[in-house]
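The following exercises concern the overall form of one chain and its contact with a partner chain. Each task is followed by a solution in steps.

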Amino acid sequence: MSTLVLACEVVREELLRIRSAAPVSFAFLSMGLHVAPDRLRAAIAAELERPREVDRIVLGFGLCGNAIAGVRSPHAPLIIPRVHDCIPLLAGAPPPPGAGPLHERGTFYLSGGWMEGERTLYSEHRRSVARFGEQKALRVLSTMLGGYHRFLFIRTDHPRRELRERDAGQLAAWVGLPLDTVDGSRTYLEALVNGPWDAARFVHVARGVPVSPEAFTRTTSVPCRAACPP
Amino acid sequence: MTNTSLQQAVLTELADAVVALDEARAVDAAHEALNESVDPYTAIESGLLVGMSRAGQLFEEQEYFVPELLVASDALYAGLGVLRPHIAADRLDVPGKVVIGVVEGDTHDVGKNLVRIILQTKGFEVHDLGRDVPPSRFVDKAVEVGADVIALSTLMTTTMVNMDETVKLLAKRDLRDRFQVIVGGSPLSKAYADRIGADGYSKDAIGAADLVKRLVQQAPRVAT
């Protein structure tokens with residue numbers, strides 16, 4: 001049984017470090033797409049429509065601002081982590097029932113991927129400095145972070161983790177917010193690549209069936225359907 | 001140049017200053033508008049707001065991103081500060097009252113703030129409740145100020161449900177017919193707005209202000 005993992009580049013480095021006994025191929029989409037769910041939806045749909053010789057496609061995306069709502073996979077069944085965004089994937093476990101991307105309200109989560117990707121807080125600030133000068137860019141950054149009281153950097157096995165953590169420290173210092181760190185876990189991402197794709201952690205969608213956002217807001221686990229692994 | 005073409009040139013300059021993200025240029029253009037006897041109300045509507053609308057279009061086309069929109073709104077505000085004191089008293093009628101905020105559980109307020117700024121620029125009386133606002137605060141504030149429209153914003157799929165909760169609370173308090181409810185935010189759609197029984201949805205800030213205007217004109221506020 002072969003698997004394609006179609007994922008956001010935010011988890012690229014972590015995913016590429018996971019070994020697999022079965023054939024697994026990877027495709028990644030730009031993080032820049034996360035700011036526009038309609039564009040991300042179109043990009044995922046276009047990838048899914050490409051004919052591929054795989055038995056299943058596992059998405060390295062969550063609901064991501066409803067970007068995957070309505071998406072169909074015409075050639076292979078889909079398996080999707082039951083998460084709203086990538087934070088639980090990096091942290092290693094699904095969020096507690098009812099919890100959102102901000103498990104702790106006012107916490108801005110970062111990771112190696114979040115410091116390197118397109119259209120992230122860090123890359124936007126650097127672009128802003130070049131365009132508007134340091135003073136105005138800093139004011140813009142502070143405005144964008146108005147609702148936050150701290151950063152939390154999730155430590156993973158990203159190869160440039162230490163460097164990116166230092167960048168995160170600089171970002172935090174610019175706006176005068178504390179930076180805390182937490183150790184992530186590979187558990188969820190390992191399951192994403194190798195299974196088991198249990199229904200508590202993964203949504204299973206048959207070939208050609210549109211992804212329903214309601215599946216991500218259920219707080220109880222659902223019975224495993226035909227697409228689940230034996 | 002004729003007087004009319006001079007005035008048109010000033011309006012274009014006001015719009016261009018906002019698109020160019022240039023506060024100082026917007027202030028200069030606003031003074032120029034007053035010097036050329038351009039009606040300040042027209043200078044705002046057909047100058048500054050046209051520029052903001054073009055900045056919004058550039059955002060849609062991914063030429064501009066959130067920092068650009070924030071700096072464009074600085075230029076808009078700067079021009080507004082020069083022009084607003086010169087608007088004739090009879091043009092200062094408040095077209096309507098809006099209670100706006102980010103729903104409970106969410107703290108992303110950049111989009112909501114842009115909507116507030118554009119509504120204020122268009123003369124609306126805006127009561128901004130900020131972020132992480134529980135349904136009851138929206139309802140209580142709308143009753144207190146006699147609002148026409150309650151505008152709800154969120155960026156997160158997990159907190160969209162609190163828009164539904166706010167509409168339900170209005171119904172529970174027998175107030176649903178008294179206020180128009182509009183929703184916005186990147187995970188939302190017209191279909192979602194319809195499903196929760198909202199009166200309107202907009203996918204961007206300029207559209208939200210037009211929507212409020214339309215709703216208020218359609219259903220003039222009843223004195224309470």
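**Exercise 1.** Assess whether the radius of gyration of chain B agrees with that of a compact globule.

*Solution.* The model is predicted. The globule rule is 2.2 Å times the number of residues to the power 0.38. For 224 residues this rule gives a value near 17 Å, and chain B has 18 Å, so the two agree. Along the principal axes, the C-alpha atoms of chain B fill a box of roughly 60 × 40 × 25 Å.

**Exercise 2.** Describe the secondary structure of chain B and the sequence range of its contacts.

*Solution.* Chain B contains 9 helices and 5 strands. Their order along the sequence is α-α-α-α-β-α-β-α-β-α-β-α-β-α. Next, consider contacts in chain B between residues at least 6 apart in sequence: 74% of these join residues at least 24 apart.

**Exercise 3.** Characterise the burial, surface and charge distribution of chain B.

*Solution.* With buried taken as under 20% relative accessible area, 54% of the 224 residues in chain B are buried. The exposed area of chain B is about 9,600 Å², of which carbon and sulfur atoms supply 50%. Chain B carries 22 positive and 33 negative charges, and their mean positions lie 7 Å apart.

**Exercise 4.** Quantify the interface between chain A and chain B.

*Solution.* Begin with the residues: 26 of chain A are in contact with 27 of chain B. The two chains bury about 2,300 Å² between them, with 54% of it on carbon and sulfur atoms. On the chain A side, A:R39, A:R105 and A:F132 supply 20% of the area that chain A buries against chain B, more than any other three residues.

Notes
Residues are numbered from 1 along each chain as its sequence is written. Chains are lettered from A and ligands numbered from 1 in the order in which they are written. This is a predicted model: local features need pLDDT of at least 70, side-chain atom pairs count only at pLDDT 80 or more; totals for chains, interfaces and linings use all residues. Side-chain values use heavy atoms; hydrogens and water are left out. Helices (H or I, at least four residues) and strands (E, at least two) are DSSP runs, numbered from the N terminus. Buried means under 20% relative accessible area, exposed over 50%, partly exposed in between (1.4 Å probe, protein chains only). Contact means heavy atoms within 4.5 Å. Accessible areas come from the Shrake-Rupley method with a 1.4 Å probe; for residues, only the protein chains shown count as cover. Lys and Arg count as positive and Asp and Glu as negative; His and the chain ends are not counted. The place of a charge is taken as NZ of Lys, CZ of Arg, CG of Asp or CD of Glu. Buried area is the accessible area (1.4 Å probe) that two parts lose on being put together, summed over both.
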